[in-house]
Structure formats: C-alpha cells, structure tokens
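Me: I have a model open and want to go through a few spots in it. Can you take some quick questions?
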Amino acid sequence: MYRVTLIPGDGTGPEIIEVAKRVIEATGVPIEWDIQEAGAEVIEKYGTPLPPQVLESIRRNGVALKGPITTPVGTGFRSVNVALRKELDLYACVRPCKTYPGVRSRYENIDLVVIRENTEDLYAGIEFERGKPETLEFIATVERLGKGKIRPDSGISVKPISVFGAERIVRFAFEYARKHRRRKVTAVHKANIMKYSDGLFLEVAREVARNYPDIEFEDRIVDNMCMQLVQKPELYDVLVLPNLYGDIVSDLAAGLVGGLGVAPGGNIGDHYAVFEPTHGSAPKYKGLHKVNPIATILSGVMMLRHLGEEERADLLERAVAAVIREGKKVTYDLKPDPSDPEAAKTFEVGEAIIEKMEELKRGRGCSSSSPHLQESTTSSA
C-alpha cells in the first residue's frame, strides 16, 4: 500500500483531481490518499495558502499528486508552487511533451522531455526593488567594482547559477535518459552572452556528460533552440535547462503537442516528488466540469512510474491514448470544433479512460471492477 499526499488545489483543481484520483485507483495500484488543503481558498482558514501540515504530509509520504493552485494577489506570498520547490528542494522540474494521435497539433511523433533546474537562476527570488536604499547601495557597489553602470531607477534581479546546482540537474537529466532509454541530452543556455552564469552551466554540463559515454550530448543556444523546436523537433530528446529558459521552453514544447491540457509535470528532488499538471487553476471554469483532466491523469502516470508501477502506468497511458485517438469522450479543447455540443464533461473523460482500461485488461485475459466517476469534487480534510 502506497501512501500519497493528495492536494486538490483550488479553482478547477478539485474537479480534475477527483477524476485523476478515481482513474489512478482503477489501475489497481493500492493507494491510501492523505488529503491536504492548500491554495488561495484556504488563506482565511489557515492564514496562509500553504499550511505547514501540507509540507509535513509530503515529508511523511515522500510523494504527492497536486491540483493547480491560484497564486494569491497582494498577500506577500509569491507562489505555493515556488514555496513547495524551495522547502522540499524539488530541484528538477520534469515535463514530458508527447504527441497523442487525435490531439490537434501541427506536428506528429514528438516525444520530448524538458528537465528544468528549479532552484536557481532568475527565479531564485533575489531581487532589489526600484528606489530602495539597498538597491541604490547595490548599484553603487557594482559601479565601484567597475562592472558597469546601472540606472538609479532600475529594479534588479540577480541570476545565480552554481556548480552544485548545475551539476545535479545535468546529472539528473542523464540518469533520467539512461533509466528511460533515451538517446540524447541537449543542454540549453546563453553562454555566448552570459559567460559567467550560463557559461558555468555549459562548462559543468560538458564535464558531467563525459561520465555518460552511452548517451549522446550536445548543446544549443536558447534562442536557436526555440527555432529548432519549431522547425524540427524530432531531432531532440531530453533537454536540460536553467530555470527561466526551462519555464519558457517547456511551454513552447507543450504547444507543439497540443497545449497545456495534455502536458503533465513533476517536481522531483532526492527525497520527495510532487506531480501536477502544468496548467493553471482556471477559476472562471470552476464548477462547470469542462476542464480537460488529461494533464493531471498523465501526471498520475508519471507518479506511478516514480513508484515503480511501470506496468500499471503503461496501462493507464495506453487507455488515455486510446480515448484521445477515438475523440468521442474528450473535452472541448480536444474537439475539432471547441463549440461541439457533444464535448465531454471532465468526469466523463475519466469514465471513458476507466472503461478503456477494462477493455485493455480483458484483451490480455484480465478482469476487475472499477469505480465509476460522478460529477463531484474531492473534499479536503
């Protein structure tokens, strides 16, 4: 029995998490869910969008499945997602981008994995606000050291990239490639301009690559990488990038395969892992049961593989692919015409995937009963 932290999130999060939960249970993997509240909707109750018991639960269980969470505006809290990554040292953001026949896309046969460093770079949160005394002191120090002039009315963000951070994310990418039988790792950077930060990232990547002679290694400048992905994405396999570039390129890659509705993700460290869709909470759709749950379900596939349940994960992914390919029980965003009145509700997609898993099981001589999804939401405790 696996014990997994379940964070429904807010907005449409509880609707899609309920569907993902039922679908994962239908694989037959024994899971005890430890349900935890987080997000903008619990601030009044707990005084924070990330109550301490959420972190305690993930530390206790080691694995979490999380719905999208709204970043509250004007609270002084930057982001629940950023806080989780920082507190749990989830240094690797893993985002597979794969085409499934039936999804509207200009491309076919794409199978990329974007691995993004999560803790450093411009997202490290080291910033200086315009006009503050410490900002003016920073500007004066830069000028005194002969490093150039900065306008006094500037806001400043610092871009740290360390040997430690670069080495562990690149090693993670190569280990991922080896484990999943991938052929190539591409390091993405802007070392031609930022020689002491991105240059360090590239230098470390080249050193790490020498330890993996069985896996091809190359590097690309980030602007060229974006063009290459649009022109010939089939040439690439595993991409490893610093934080900001990884954020941008992972959304670009999701666009290649049909959008964020089919883009799963995982934030992984040495001790803990949190799996979640890459899209937001879409609060304007709350209660309408029209949001695509497939990115969350595919995040569950990633979670099952992380737990070592490869066979059940493969079964679930095959069922998802079959439902998408048939195109009958899919949400509006996967229909040729988004206004199609026959577009499925969120929970109906889950029902279809469960039924398809049962068909696949019977096809190999297995049978079992599965729960039916209802138009409801997960209640948090």
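Me: Start with the helices. Which residues of α6 meet α7?
Reply: This is a predicted model. On the α6 side they are Val163, Ala166, Glu167, Ile169, Val170, Arg171 and Phe174. Their partners in α7 are Leu200, Phe201, Val204, Ala205, Val208 and Ala209.

Me: What are the residue ranges, and at roughly what angle do the axes cross?
Reply: Helix α6 covers residues 163-179 and helix α7 covers residues 198-209. Their axes come within 9 Å and cross at roughly 45°. That angle makes α6 oblique to α7, because it falls outside the ranges that count as roughly parallel, roughly antiparallel or roughly perpendicular.

Me: Left-handed or right-handed crossing?
Reply: The crossing of α6 and α7 is right-handed.

Me: Now the loop before α6. Which proline is in there?
Reply: Pro160, in the loop between β7 (156-157) and α6.

Me: Buried, exposed or partly exposed?
Reply: Pro160 is partly exposed, because its relative accessible area is 26%, and buried would need under 20%.

Me: What does Pro160 contact, leaving aside neighbours within four places in sequence?
Reply: Pro160 is in contact with Glu120, Asp121, Ala124 and Ile126.

Me: And Glu108? What separates its C-alpha from that of Pro160?
Reply: The two C-alpha atoms are separated by 37 Å, and the residues are 52 apart along the chain.

Me: Different topic: the nonpolar core. How many residues are in the largest one, and which touch the most other members?
Reply: The largest nonpolar core has 86 residues. Those touching the most other members are Leu65, Ile115, Val240, Met303, Leu316 and Ile353.

Me: Take Val240. What does it touch, not counting residues up to four places away in sequence?
Reply: Val240 touches Ile115, Ile169, Val170, Ala173, Val185, Thr186, Ala187, Val188 and Phe201. Of these, Ile169 and Val170 in α6 and Phe201 in α7 also appear in the helix contact.

Me: What about a second core; which residues does it include?
Reply: A second, separate core has 15 residues, including Ile7, Ile58, Leu84 and Leu90.

Me: Last one, cysteines. How many disulfides?
Reply: The count is zero.

Me: Why no bond for Cys93?
Reply: The closest cysteine sulfur, in Cys97, is 9.9 Å from the sulfur of Cys93, so it is too far for a bond. The cut-off for a disulfide is 2.5 Å between the sulfur atoms. For Cys97 the closest cysteine sulfur is the one in Cys93, also at 9.9 Å.

Me: Are those two cysteines buried or exposed?
Reply: Cys93 is buried, with a relative accessible area of 2%. Cys97 is buried as well, with a value of 1%.

How values were computed: Residues are numbered from 1 along each chain as its sequence is written. This is a predicted model: local features need pLDDT of at least 70, side-chain atom pairs count only at pLDDT 80 or more; totals for chains, interfaces and linings use all residues. Side-chain values use heavy atoms; hydrogens and water are left out. A nonpolar core is a set of buried Ala, Val, Leu, Ile, Met, Phe, Trp, Tyr and Cys residues joined through side-chain atoms within 4.5 Å. Buried means under 20% relative accessible area, exposed over 50%, partly exposed in between (1.4 Å probe, protein chains only). Contact means heavy atoms within 4.5 Å. Axes are lines fitted to C-alpha atoms, for helices over the stretch in contact, and angles run from 0 to 180 degrees between N-to-C directions. Helices (H or I, at least four residues) and strands (E, at least two) are DSSP runs, numbered from the N terminus. Angles under 35 degrees count as roughly parallel, over 145 as roughly antiparallel, 65 to 115 as roughly perpendicular and the rest as oblique. A crossing is left-handed if the near helix is turned anticlockwise from the far one by less than a right angle, and right-handed if clockwise.
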